[in-house]
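Dear colleague,

I am passing on a structure that I would like you to look over. Please find it below, with my notes after it.

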Amino acid sequence: MALILGTAQFGLAYGVANQSGQIAHQEAQAILDVAAASGVMALDTAVAYGQAEQILGQLNTHQLPFISKLPVQLPAGESNCERWVVEQVEASLKRLNRSSLAALLFHRPEQLLSTAGPSLVRALNELRNAGVVHKLGLSVYSYAQVQAVLPFFRPDVVQLPFNVLDQRAAQLGWFKQMHSEGMEIHVRSAFLQGLLLMPPSEVPAYFAPWQNVLSQWHELCAQSAIAAQQICLQHVKQQPEVSAIVVGVDSSLQLQQIAQAHQAVASLPSLHNLSMLDEGLINPSNWKIQERTS
């Protein structure tokens, strides 16, 4: 199972555990150097990640393939959706200094359910046929979002969350279903934006309602004597349908540690009791933490 480097921190002060803000250029280059040396499969970015695409285009990315995403929504009053898609992709490629993307994802699958949906699909298929984009896909929170668009759009790639607290994709059969339909599965949020790696004393007050399950998690890590990073990654690696794990970092040292943890193997304790369905906890877009998440 491959690693993909998420680059939100290259353009934004992103992540609940991020203490240092947006990554400086020198450290960003060091991260990319480690990514290339560690066998990272691709770089995941997006227009929504602030200056990330522009910064990546200025650095040595070692020709690692790029996965990017369309803007979250069309501008108000945009009448030519197909032209808009082409312009967005061309602008991303110019910023990234590339001639093509390994994959282009819809950042919000709801775009496909709007009246612009058919035009968006036509434009992306034309870009794929022209070799400008090699794969098309979706960034989602649940399989229901995939199902909603299947009548008119079949993604090559689906990116969705999965971690020790959010185990729905395995328990509800989402992984098996998508794999059976030929979709390439990329897991994000393996560390739940870093929440699962934070010392209890640094966890924001917002998470107080879930103190019990977070305490169970920290106790499990302590009792098993396995690093939290390794448990999180190996939990994903136990899912045979998953092709890659998207990880974000704040420093080159973090990526080195993740790469080492990714290679390590250990017998994991049972994680079933940690599974949660509360969207206030497992969906970071619902978190209300001032200046700590997007």
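The notes below take up one strand and its partners, and then a pair of helices.

Please keep in mind throughout that this is a predicted model.

I begin with strand S1, which covers residues 2-6 and has four of its five residues buried, so that S1 is largely enclosed by the rest of the structure. Strand S1 is joined by five bridges to strand S8 (residues 242-248), the two running parallel, and within this pairing Ile4 has Val246 of S8 as its bridge partner. S1 also pairs with strand S2 (residues 42-44), again in the parallel sense, through three bridges, and here Gly6 is found opposite Asp44 of S2.

Turning to the helices, a pair of packed helices is described by the angle between the two axes and by the distance between those axes. For helix H4 (residues 81-96) and helix H5 (residues 117-129), the axes come within 8 Å of each other and cross at roughly 45 degrees. Because that angle falls neither under 35 degrees nor within 65 to 115 degrees, H4 counts as oblique to H5. The crossing in which H4 passes H5 is right-handed. On the H4 side, the contact is made by Cys81, Glu82, Trp84, Val85, Val86 and Val89, while H5 contributes Ser119, Leu120, Arg122, Ala123, Leu124, Glu126 and Leu127. Sorted by class, the residues in this contact of H4 with H5 are nine nonpolar, one polar and three charged.

With best regards

Definitions and conventions
Residues numbered from 1 in each chain as written. Predicted model: local features only at pLDDT ≥ 70, side-chain atom pairs only at ≥ 80, totals over all residues. Heavy atoms only, no water. Axes fitted to C-alpha atoms, helices over the stretch in contact; angles between N-to-C directions. Parallel < 35°, antiparallel > 145°, perpendicular 65-115°, else oblique. Left-handed = near helix turned anticlockwise from the far one by under 90°. Contact = heavy atoms within 4.5 Å. Nonpolar A, V, L, I, M, F, W, Y, C, P; charged D, E, K, R; others polar. Buried < 20%, exposed > 50% of the residue type's maximum accessible area, 1.4 Å probe, protein only. Pairing = 2+ DSSP bridges.
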